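User: I would like to learn how to read the features of a structure like this one. Please take me through them step by step.

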Amino acid sequence: MLRYIAWFAGIGLLASCTSTEKPEVSIADRAIRVVATTSIIADLATTIGGSEVEVESLMGPGVDPHLYQASARDVSRMSEADIVVYNGLHLEGKMGDIFEAMRERGASTVAIAEVSISDSLLLPSKLFQGNYDPHIWFDVRLWAQAGHSLATALGRLDSTRFRQFSLRASDYAAKLMEVDAYVHSRVSEIPEAKRLLITSHDAFEYFGRAYGFEVRGLQGISTALEVATSDIQDLANLVAERRIPAMFVESSISPRGIEAVREAVRDRGFKVRIGGTLYGDALGGESTTAATYLGMVRHNIDTIVLALSNGEGS
């Protein structure tokens with residue numbers, strides 16, 4: 001109940017905010033204030049913006065954006081920002097009304113997945129007809145497009161700094177292509193018959209399309225969906241029949257579902273390992289190798305290759 005009270009209070013606060021409440025300082029004379037919803041988007045904004053931006057992330061490491069509910073303080077932070085950057089495509093499902101209210105009052109917002117990627121490159125949702133899978137960052141080449149789109153959005157706020165943003169986006173895209181090549185190289189170490197990626201929820205379809213994996217998630221695209229007993233049994237049948245050596249948990253989702261599948265596989269006379277933790281909807285903490293997007297991509301593919309190429313899990 002307290003969450004709902006905070007949310008309604010936040011909507012009221014947003015409605016009461018006006019541009020006159022912001023300091024009367026030209027944006028050209030200060031850093032651009034950016035609020036990003038997820039840690040992945042915050043990393044992109046920091047990379048593209050450099051010292052020209054101040055970035056705040058609403059969601060920290062290990063936070064599930066599908067279930068996240070904005071607090072009144074979150075809404076206040078967004079109302080004070082020069083631009084709010086969110087993923088869109090219903091990733092931040094419980095925040096849709098807030099973004100709509102911000103747009104109605106003329107605030108600068110950008111749904112980075114929606115403005116960066118053409119519909120022809122988006123994957124349709126398996127369960128929600130007419131919608132798309134929001135997890136575009138799992139295809140590194142698509143995330144490079146997101147970087148260029150963010151540079152454009154920041155440049156609209158201050159055209160004098162657009163060239164700097166654009167150059168950073170290009171430099172970052174070059175680094176992303178190096179990581180993309182690294183992923184392709186590492187995938188070749190996994191026998192094709194074992195390129196089946198099983199995770200806590202269906203977030204890795206873009207990864208599968210880009211790098212040649214069949215992907216199965218216990219939950220659907222959104223973690224708000226309930227896991228049925230039949231889902232566990234069906235996935236256990238697949239693992240046992242294909243003799244897949246490992247499944248993976250995700251940092252932002254409880255491992256209980258995958259552990260239940262593991263037990264069901266064991267009942268079928270086959271032993272499957274938990275191959276490690278993948279970072280799906282959130283980056284890792286500062287002390288981890290997945291504290292940045294580039295580090296997250298490397299961590300994920302290294303974990304997958306170790307578990308599926310020789311069956312070693314943790």
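Analyst: This is a predicted model. We can start with charged side chains. Side chains of opposite charge can pair when their charged atoms come close. Here, aspartate 158 and arginine 161 make a salt bridge in which the closest N and O atoms are 2.5 Å apart. Aspartate 158 and arginine 161 are both buried.

User: Which other residue forms a salt bridge with arginine 161?

Analyst: Glutamate 52 does, with 3.0 Å between the closest N and O atoms. Glutamate 52 is buried, as is arginine 161. Look also at where the partners sit in the chain. Glutamate 52 is in the loop between α2 and β2, while arginine 161 is in the loop between α6 and α7 (162–187), so this salt bridge ties together parts 109 residues apart in sequence.

User: How many salt bridges does the structure hold?

Analyst: There are 13 salt bridges in the structure. One of them joins arginine 186 to aspartate 302, the closest N and O atoms being 2.9 Å apart. That pair also links distant parts of the chain: arginine 186 belongs to helix α7 and aspartate 302 to helix α11 (residues 293–310), 116 residues apart.

User: Is arginine 186 buried or exposed? And what does aspartate 302 count as?

Analyst: Residues under 20% relative accessible area are called buried. Arginine 186 has a relative accessible area of 18% and is therefore buried. Aspartate 302, at 26% relative accessibility, counts as partly exposed. Salt bridges can also link up into a network, and Arg30, Arg33 and Asp82 are linked in this way.

User: Which ring has the charged end of arginine 298 over it?

Analyst: The ring of tyrosine 182 does, and the charged end of arginine 298 lies 4.3 Å from the ring centre.

User: Let us move on to ring pairs. How many aromatic pairs does the structure hold?

Analyst: The structure holds seven aromatic pairs. For each pair, read the distance between ring centres and the angle between ring planes. Phenylalanine 138 and phenylalanine 204 are one such pair, 4.2 Å centre to centre with 35° between the planes, and the pair is tilted. These two rings come from distant parts of the chain, 66 residues apart: phenylalanine 138 is in the loop between α5 (112–116) and α6, and phenylalanine 204 is in the loop between β5 (196–201) and α8 (205–211). Phenylalanine 138 counts as buried because its relative accessibility is 5%. Phenylalanine 204, with a relative accessible area of 1%, is buried.

User: What are the distance and angle for phenylalanine 207 and tyrosine 211?

Analyst: Their ring centres are 5.2 Å apart and their planes are at 50°, so this pair is tilted. Phenylalanine 207 and tyrosine 211 are four residues apart in helix α8, which means that about one helical turn separates them. Both phenylalanine 207 and tyrosine 211 are buried.

User: Which residues form one aromatic cluster?

Analyst: The cluster is made up of Trp137, Phe138, Phe204, Phe207, Tyr211 and Phe213.

User: Next, the sheet. In what order do its four strands lie?

Analyst: Strands of a sheet pair through backbone hydrogen bonds, either parallel or antiparallel. In this open sheet the order is β2-β1-β3-β4, and the pairing is parallel. The edge strands, β2 (53–57) and β4 (109–111), each pair on one side only. On average, neighbouring strands of the sheet are turned by 20° against each other, direction ignored.

User: Over how many bridges do β1 and β3 pair?

Analyst: Strand β1 (residues 32–36) pairs with strand β3 (residues 83–86) over three bridges, in the parallel sense. Valine 34 has isoleucine 83 in β3 as its bridge partner.

User: Which strands does helix α6 lie across?

Analyst: Helix α6 (residues 140–157) lies across β1, β2, β3 and β4, and runs at about 170° to β3. Helix α4 (residues 96–104) lies across β3 and β4, at about 145° to β3.

User: Last, a single residue. What is isoleucine 48 in contact with, leaving aside its neighbours within four places in sequence?

Analyst: Isoleucine 48 lies in helix α2 (residues 39–49). Its relative accessibility is 0%, so isoleucine 48 counts as buried. With those sequence neighbours left aside, isoleucine 48 is in contact with Gly147, Leu150, Ala151, Leu154, Phe165, Arg168, Ala169 and Tyr172. The C-alpha atoms of isoleucine 48 and tyrosine 172 are separated by 7.7 Å, although the two residues are 124 residues apart along the chain.

How values were computed: Residues numbered from 1 in each chain as written. Predicted model: local features only at pLDDT ≥ 70, side-chain atom pairs only at ≥ 80, totals over all residues. Heavy atoms only, no water. Pairing = 2+ DSSP bridges. Axes fitted to C-alpha atoms, helices over the stretch in contact; angles between N-to-C directions. Contact = heavy atoms within 4.5 Å. Buried < 20%, exposed > 50% of the residue type's maximum accessible area, 1.4 Å probe, protein only. Phe/Tyr/Trp six-rings, centres within 6.5 Å; stacked < 30°, edge-to-face > 60°. Lys NZ or Arg CZ within 6 Å of the ring centre and 35° of its normal. Salt bridge = Lys/Arg side-chain N within 4 Å of Asp/Glu carboxyl O.
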